[in-house]
Structures are given as C-alpha cells and as structure tokens.
Amino acid sequence: MSEYRFPFLRRSRVRLSRFLLALVAIAATVLIAAQVWSQQPVTISFLLRAVEADQMQGLAEQFMAENPDIRIQMVRGPNAADAVENLYTTSFLLGDSPYDILFSDVVWIPKFAAAGWLLDLSDRVSETDLADFLPADVAAGLYQGGLYRMPFRSDMGMLYYRTDLLDQVGLAPPETFDDLITAAETIQAQTDVDWGYTWQGLQYEGLVTNFVEIIAGYGGFWIDPTTLEVGLDQPAGVQAVEFMKGLIDQRISPPGVTNYIEEDSLRQFQNGNVAFLRNWPYAWAEANRDGTPVAGKIALKPMVHATGQQPAACLGGWGFGISATTPHPEEAWRVVEFFTSPGPMKDLITEFAYVPSRRALFTDPDVLATFPHYEQLLEVAETAVPRPPVGQYAQVSDILQRYLSAAISDQMTAEDAMRAAAGESRRVLGVEG
C-alpha cells in the first residue's frame, strides 16, 4: 500500500514523529529541571536571639563558603531567651516547625525531647567524641537515654572576689559558707565597702540557679531525674534557703537583692560597693573594663560549700538540636557538626568572650593569650551541675521560684516554703510524697 495513494498515512507518520519529538523534548526539559533543582542549595534554618545571630554570622558565612550545597538561614528573634523558647514551642504546636535546627538553652531540652520534637543524635556521635566536651554539658543534652543536644558554648555560676580587700584584711579566698560570711563581715567592718556579697534574688530563673549551687553545696539535690525524688524538703534544702535568707538578715547582702538580676548584682560589684559576687563568666570582662574601680583587682573561683562537701556551679549555656520534622536531617547535622567543632567554637569564644564546651579550649594557647583567666574558669567548669532534666522543668522551676522568693522576702519560713514547694513539685511530677 503506497502512502502516495493514501496521503493521510504520510500525514499520520509526520504527526507521530512530531509527537515523539515533543515527548523527548519534554523529557529532556524535566531531566534538566531535575538536575538544576538537585543542584539548588538546601536551606537549613534556626531561630536565635538577635544578638547571637549577629555574632554567629561570620561562622555561618564560613560554613556556606565551604558547603555551597547548604544555605544557613538564621532567623533573628527577641533577645529574651524565654521569648525565643515560646516562639519555638508555638512553631511545633502549630504543626511542622519551619526550623530545621533548635538553638537551645540547656533547660529547654527535656521539654522538647519529651514532646517528641527533637531527633535523637546518639547514633551520630561517638562516646569518644563526646568525651572532648565538658561532662555537664553532655549530660544537659541527655533525656531518657537519648542525646538531643550537642554543646556549643557553656556557662556556669561562680564566685568573684576582690583580691585587694582580702589582702587588706589578711584573709584567704573563702572555701565554705562560713568562710564567706566571716570574710564578708570582716571586710564590711574594716573597710569602706558597704556590702559583703551580692547575688540574684528576683523571682525568676536566676534565683533558681543560685539555689541549685547552694543546695548542692550542702550535699543535697533538687530533683533526681532518674527516680524523680524531690529533695527540697530534706535538711540540705532547708539549710540552703536559710543561708540565702541569713545573708539578707545579717546585712551581708543588701535588702534589695530580692529584686536583683545579673546586671544589678554586677553593677554593685564593679562600682566597688561589694566584696563578693555570684555571677556568670561574662561578668569578668564587664568588671575589668577600663575605668571601673575594681579593674585588675578581682579573681574568680568555684562557689563556696558546706564543710566536707564539694562546690557546685549551676550549668548554663547553649547548644544545637535537630527538629524531628526537618525534611533535611543530614544537612542539618552537617551544620550542627560544623558549629560544635573545635575551630568554629574557638573562633567564637576568642572574639566574643564566651565559654567553650570543649575542655581543650580552656587551656589552648591562643585562648589563654586573650583570656588568661580561662585556666581558673576550667576549675569552675569541672564543678558544673545541670538543672534536673525532667519534661516538666518549666512547671517545677516556677514552683521553686515562687517559694524561694516567699522565703527570702520573709513571707514564709524556710521549712514551710520548702515543704510546700516539694509537695507541689511531686504532684506535677506524678510521684508520691
């Protein structure tokens, strides 16, 4: 049969050829588009305080230069940590969080892990790798056998003291609670310094961190995360509150300390009005600023404790977790791995005076050239203890804050306050009294 006799056959073949060519063209276009799409960088986002976003921008740019297949999007949030936590919580409660990574304060991990919002990182890091970090920093990322946070920068409470005043009255730096009281009273009596000791007594998380160090210094504990036993109404808990209240009653601490946050207590110290200060590592640079009356006249050490007991420094600090809803867990891990590696961590702490989570950086020659006091800081870091990693942390912290405030402001006795705080805490934790 000739297609010349039947021209419609020729036209059909032409149409078929054009159709096949179109299919090939479409397939090629799809393939090219897929290749182009596959080469587009993956965006990994996380929320953090605006001040930290500014400080970490250089590290983010370094990572992206070395990893062109990943873009880091740092979402600038409020500078109040509680506000950032609330934003993270809201994003998870609304469904799939837009954040691939959680930049987390140490106390957020139990809550977020218990809710199932974080990936367990245990299979991504070895015990050998974790051994390079401060033990308390690692412990703060654990929840019910899983690891949900990689440490980035640490923080811990410590005792600052005036070396010139101790030399003037002929006393050594205090080791025990009694030593602190004796030294404070002696300095107040023999010098023109108004107050012996300042700390953070406002009803907020800072008050809890002070208490954690003192109750541990008496050999006690707040909550055992393994058994959920509450130790507030045991003798050490009552002694801790009585010590804090006694500082005010004996006028070693100013009456206004019940309204102090970190900056208030630091201001008194750096202005030369106080002999001893409980605060965080950042206070070193602030107190030693040029022109302050105490510049060059201060030192730091682990917190005081009861005779026969050990010092304790309440752990603070920040680290990285990975969202359970991220579509890019491998890329997110590469970002976390970079930020928590020795080089970037060293760059951040030397530029912004943060405290490292890796032990070796405390004695790194480059770090010590900038911050010679970090060798002393390591001694404090070794005494760090985390706040109890329980899923109900926000609730039990609020309970403790309320009753501590009531006790130190003379609304309740130490014993009554700790009995009530312990009872409420047990109900929240679902354990028997």
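Begin by selecting Val106, Val107, Pro110, Ala140, Leu315, Pro386, Arg387, Pro388, Pro389 and Tyr393, which together line the largest cavity of this predicted model. The space that they enclose has a volume of about 90 Å³, and the count of cavities of 30 Å³ or more comes to one. If you colour this lining by residue class, you will find nine nonpolar residues, no polar ones and one charged one.

Next, turn to the largest pocket by selecting Arg49, Ala81, Asp105, Asp155 and Trp318, which, of the 46 residues in its lining, lie nearest its centre. The volume of this pocket is about 1400 Å³, and its lining is made up of 22 nonpolar, eleven polar and 13 charged residues. Now highlight helix H17, residues 393-408, since this helix gives five residues, the largest share of that lining. Colouring by domain is also useful here, as domain 1 (42-155 + 316-383) and domain 2 (158-312 + 390-429) each supply at least three residues to the lining of the largest pocket.

For the last stop, move to the second largest pocket, whose volume is about 420 Å³. Select Ile223, Pro225, Arg387, Pro388 and Pro389, which are the closest to its centre among the 22 residues that line it. Strand S4 (142-143) and helix H9 (205-217) are the elements that give two or more residues to this lining, and the largest share, three residues, comes from H9. Which classes of residue make up the lining of the second largest pocket? By class there are 16 nonpolar, five polar and one charged, and domain 1 and domain 2 each contribute at least three residues to the lining of this second largest pocket.

Technical notes:
Residues numbered from 1 in each chain as written. Predicted model: local features only at pLDDT ≥ 70, side-chain atom pairs only at ≥ 80, totals over all residues. Heavy atoms only, no water. 1 Å grid on protein atoms, 1.4 Å probe; cavity = no way out; pocket = protein on both sides within 12 Å on 5 of 7 lines; lining within 4 Å. Points joined across faces, edges and corners; volume = space filled by probe spheres on them. Nonpolar A, V, L, I, M, F, W, Y, C, P; charged D, E, K, R; others polar. Helix = DSSP H or I, 4+ residues; strand = E, 2+ residues; numbered from the N terminus. Domains from an automatic or database assignment.
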